[in-house]
Amino acid sequence: MICAWCQQKFVPKIIPWQLFVQNNQSINRLCERCQRQFDPLGKRRCPQCSRDQPATEICSDCQFWRQIYGQQIMLNQAEWHYNRGFHDLMVAYKRYGDYELWPVLQQLAKPVQKIKADYFVPIPPSPEHLAQRQFDTIKAIFSHLVPLTHALAKAAGTSAQGEKTRAQRLQTAQSFFIKEDQPALRGKVVLLDDIYTTGRTLYHARDALQTAFPDCQISSFTIAR
Ligand SMILES: [Zn+2]
Ligand SMILES: [Zn+2]
């Protein structure tokens, strides 16, 4: 096989039944060297947002959100540490518009399939980013893993979180709204994004959904934290 990240040939470790199924999603698409660049989050993490830390009490980010939301702070499940390897992958995928890298992210996001939910709602791109990149980076990753409900849209003229400092990110105004033709949602909703940085984006997305659909229980899944 060709590694989806470094494009080098490698021999995947497969178990025999995988040879007989047409959908080879379960076969690892990364060579061992590339896999080692990604660091799975361990048990020592914030129980609320999955932040990597030595203590198992809630982290400083969640304490900040608790001042605003009280007991309604969001549960975020993440799988990978936002380290150098993950950062480099995201820069190639987003900044350089390398659509071909979606299988790598899909591989890293696969644990989302273990989550039971009524709806998986992806964080939408801004109209500017969609025009610039020519593809929806979050949809490209998750549409191959779970059924998506595109309930949210993002207003034009709202620049990306990645270009801001931490303080600026936290002050960002609400930019999400519910799509006009969206039928009512009720039940368990999981928001999907690539990275949980400050939590600002996900909390705004949840606020928009929760206001429109008060009967929903909303949590989130991000590939990295
Ligand atoms: Zn590789
Ligand atoms: Zn936390």
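## Contacts and overall fold

Of the contacts in the chain with a separation of 6 or more, 75% are between residues 24 or more positions apart; contact here means heavy atoms within 4.5 Å. This is a predicted model, in which local features need pLDDT of at least 70 and side-chain atom pairs count only at pLDDT 80 or more, while totals for chains, interfaces and linings use all residues. Residues are numbered from 1 along each chain as its sequence is written, chains are lettered from A and ligands numbered from 1 in the order in which they are written, and side-chain values use heavy atoms, with hydrogens and water left out.

The chain has eight helices and six strands. Helices (H or I, at least four residues) and strands (E, at least two) are DSSP runs, numbered from the N terminus. Read from the N terminus, the order of elements is α-α-β-α-α-β-α-α-β-α-β-β-α-β.

## Size, surface and charge

The radius of gyration is 18 Å, which agrees with the value near 17 Å for a compact globule of 225 residues. That radius is taken over C-alpha atoms, and the globule rule is 2.2 Å times the number of residues to the power 0.38. Along the principal axes, the C-alpha atoms fill a box of roughly 50 × 45 × 35 Å.

Of the 225 residues, 49% count as buried. Buried means under 20% relative accessible area, exposed means over 50%, and partly exposed lies in between (1.4 Å probe, protein chains only). The accessible surface of the chain is about 12200 Å², and 52% of this belongs to carbon and sulfur atoms. These areas come from the Shrake-Rupley method with a 1.4 Å probe; for residues, only the protein chains shown count as cover.

There are 28 positive and 19 negative side chains, and the centres of the two sets lie 5 Å apart. Lys and Arg count as positive and Asp and Glu as negative, with His and the chain ends not counted. Each charge is placed at NZ of Lys, CZ of Arg, CG of Asp or CD of Glu.

## Cysteines

A search of the whole structure finds zero disulfides, a disulfide being a pair of cysteine sulfur atoms within 2.5 Å. Cys46 is buried, at 1% relative accessibility. Cys49 is also buried, with a relative accessible area of 0%.

## Residues with positive phi

Most residues other than glycine have a negative phi. Gln7 is not a glycine, yet its phi is positive, at about 65 degrees. Gln7 sits in the segment before helix H1 (32-35) and counts as exposed because its relative accessibility is 53%.

Ser50 is another residue other than glycine with a positive phi, here near 75 degrees. Ser50 lies in the loop between H1 and helix H2 (60-69). With a relative accessibility of 4%, Ser50 counts as buried.

## The loops on either side of H2

Asp52 also belongs to the loop between H1 and H2. Asp52 is partly exposed, with a relative accessible area of 39%. Leaving aside neighbours within four places in sequence, Asp52 is in contact with Leu41, Arg44 and His81. Asp52 and Leu170 are 118 residues apart along the chain, and their C-alpha atoms are separated by 20 Å.

Gly70 is in the loop between H2 and strand S1 (76-80). Its relative accessible area is 24%, so Gly70 counts as partly exposed. The C-alpha atoms of Gly70 and Gln7 are separated by 47 Å, with the two positions 63 residues apart along the chain counted as their distance apart.

## Asp98 and Thr137

Asp98 lies in the loop between helix H3 (84-95) and helix H4 (102-109). Asp98 is partly exposed, with a relative accessible area of 31%. Not counting residues up to four places away in sequence, Asp98 touches Ala92 and Tyr93. Ala155 is 57 residues from Asp98 in sequence and 24 Å from Asp98 in space, C-alpha to C-alpha.

Thr137 is found in helix H6 (residues 137-142). Thr137 is buried, with a relative accessible area of 5%. With residues up to four places away in sequence again set aside, Thr137 touches Tyr93 and Lys94. Tyr93 is thus a partner of Asp98 and of Thr137. Thr137 and Pro124 are 13 residues apart in sequence, and their C-alpha atoms are 8.8 Å apart in space.
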